[in-house]
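Visitor: Got a minute? I'd like to go through this structure with you.
Guide: Sure. Let's pull it up.

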Amino acid sequence: MSPFENQVAIVTGAGRGIGEAIAKRLAQGGAGVAVVSRTESNSARVAAEINALRAGAARPYAVDVSDFDAVQAIGEQILGDFGRCDHLVNNAGITRDTLAMRMGSEDWDAVLQTNLKGAFNFTRAVLRAMVKQRTGRIINISSVSGLMGLAGQANYAASKAGLVGMSKSIAREVASRGITVNVVAPGFIETDMTSVLNAEVREGARAQIPLARFGAVDDIASTVEFLCGPGAAYITGQVLAVDGGMSM
Ligand code: NDP
């Protein structure tokens with residue numbers, strides 16, 4: 001079955017990790033996928049792997065999501081290349097963890113600009129097209145950190161909690177146009193982002209997870225697939241935690 005046939009998805013941060021798994025999952029479902037990341041070689045690799053399975057399904061793009069003008073330009077390019085956008089998955093994100101007492105202004109700005117403003121920038125770039133189509137799904141990837149707060153992540157938690165407020169506001173603005181906006185809040189997932197955690201931090205995290213293990217990228221990809229699919233048409237403005245029960 002191809003639930004996303006003739007549909008187009010933009011996935012940011014798709015050059016690695018969770019975004020790569022989401023891009024591949026939506027492509028498997030028949031979608032054309034704009035594979036966006038900051039580093040050209042990463043988006044090119046993922047797009048090539050998708051195209052090896054279904055020629056022409058993916059195109060790579062490289063942009064810094066925090067740059068408003070650059071994102072508007074890439075958004076126009078993607079809409080020109082694919083002709084439409086049915087799904088936008090704002091997944092690009094970074095961490096700059098340190099205690100608030102030591103956190104520098106640059107650590108704060110970089111994380112807020114990428115994680116929160118980046119999602120706004122891409123939403124702004126495609127929303128008009130979705131309104132014209134009278135259909136669209138926007139999924140913003142938040143974090144358990146934005147729901148609970150985590151020590152050392154004042155900047156990251158603020159950016160991820162900000163995504164929840166932004167998503168609910170935009171969900172209200174565009175619901176009458178057939179567009180839904182939802183949030184997925186992953187817990188600890190095995191990717192490059194968590195591979196830097198030392199054994200002590202990993203063990204401390206694991207102890208807080210009722211399912212007692214880190215999740216896999218496919219746990220998030222399958223949730224996004226559901227929220228983009230026909231079964232989620234009546235869901236908007238919601239936050240779905242995929243965290244092994246950590247935030248319950
Ligand atoms: P990774 O660090 O593995 O990958 C991050 C991706 O985001 C990369 O493709 C990277 O591009 C891209 N990216 C980062 N900054 C920018 C930027 N300024 N402009 C464009 N692209 C950018 O992260 P994960 O896969 O682990 O995380 C994906 C999302 O899930 C993030 O939003 C993260 O906060 C969230 N999350 C992750 C959790 C986890 O445990 N892993 C837990 C909760 C939430 P490039 O490849 O070119 O460097």
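Visitor: Where does the ligand sit?
Guide: This is a predicted model. In it, the space taken by the ligand is the largest pocket.

Visitor: How many residues surround the ligand, and which are the closest?
Guide: The ligand has 31 residues around it. The closest are Thr39, Asn91, Tyr156, Ile189 and Thr191.

Visitor: What does Thr39 put up against the ligand, backbone or side chain?
Guide: Backbone. An N or O atom of the Thr39 backbone is 2.5 Å from a ligand oxygen atom.

Visitor: And Asn42?
Guide: Asn42 uses its side chain. A polar atom there lies 2.8 Å from an oxygen atom of the ligand.

Visitor: Which residue has a backbone atom by a nitrogen atom of the ligand?
Guide: Val63 does. Its backbone N or O atom lies 3.4 Å from that nitrogen.

Visitor: How much of the ligand does the protein cover?
Guide: On its own, the ligand has 890 Å² of accessible area. The protein covers 96% of that.

Visitor: What's the residue mix in the shell around the ligand?
Guide: It divides into 12 nonpolar, 14 polar and 5 charged residues.

Visitor: Which helices supply at least two residues of that shell?
Guide: α1 (17–28), α6 (154–174) and α7 (192–195).

Visitor: Which one gives the most?
Guide: α7, with 3 residues.

Visitor: Switching topic. How many helices and strands are in the chain?
Guide: The chain has 9 helices and 7 strands.

Visitor: Why call it as compact as a globular protein of that length?
Guide: Its radius of gyration is 17 Å, and the globule rule gives 18 Å for 248 residues. The two values are close, so the chain is as compact as a globular protein of that length.

Visitor: What does the C-alpha trace span?
Guide: About 45 × 35 × 35 Å along its principal axes.

Methods: Residues are numbered from 1 along each chain as its sequence is written. This is a predicted model: local features need pLDDT of at least 70, side-chain atom pairs count only at pLDDT 80 or more; totals for chains, interfaces and linings use all residues. Side-chain values use heavy atoms; hydrogens and water are left out. A residue is near a molecule or strand if one of its heavy atoms lies within 4 Å of it. A polar contact is a pair of N or O atoms within 3.5 Å; within protein, one must be able to donate a hydrogen and the other to accept it, and residues adjacent in sequence count only if both atoms are side-chain atoms. Accessible areas come from the Shrake-Rupley method with a 1.4 Å probe; for residues, only the protein chains shown count as cover. On a 1 Å grid over the protein atoms alone, a cavity is a set of points where a 1.4 Å probe fits but cannot get out, and a pocket is an open set with protein on both sides within 12 Å along at least five of seven lines; lining residues have an atom within 4 Å of a point. A molecule sits in a cavity or pocket if more than half of its atoms lie within 2 Å of its grid points. Helices (H or I, at least four residues) and strands (E, at least two) are DSSP runs, numbered from the N terminus. Ala, Val, Leu, Ile, Met, Phe, Trp, Tyr, Cys and Pro count as nonpolar, Asp, Glu, Lys and Arg as charged, and the others, Gly among them, as polar. The radius of gyration is taken over C-alpha atoms; the globule rule is 2.2 Å times the number of residues to the power 0.38.
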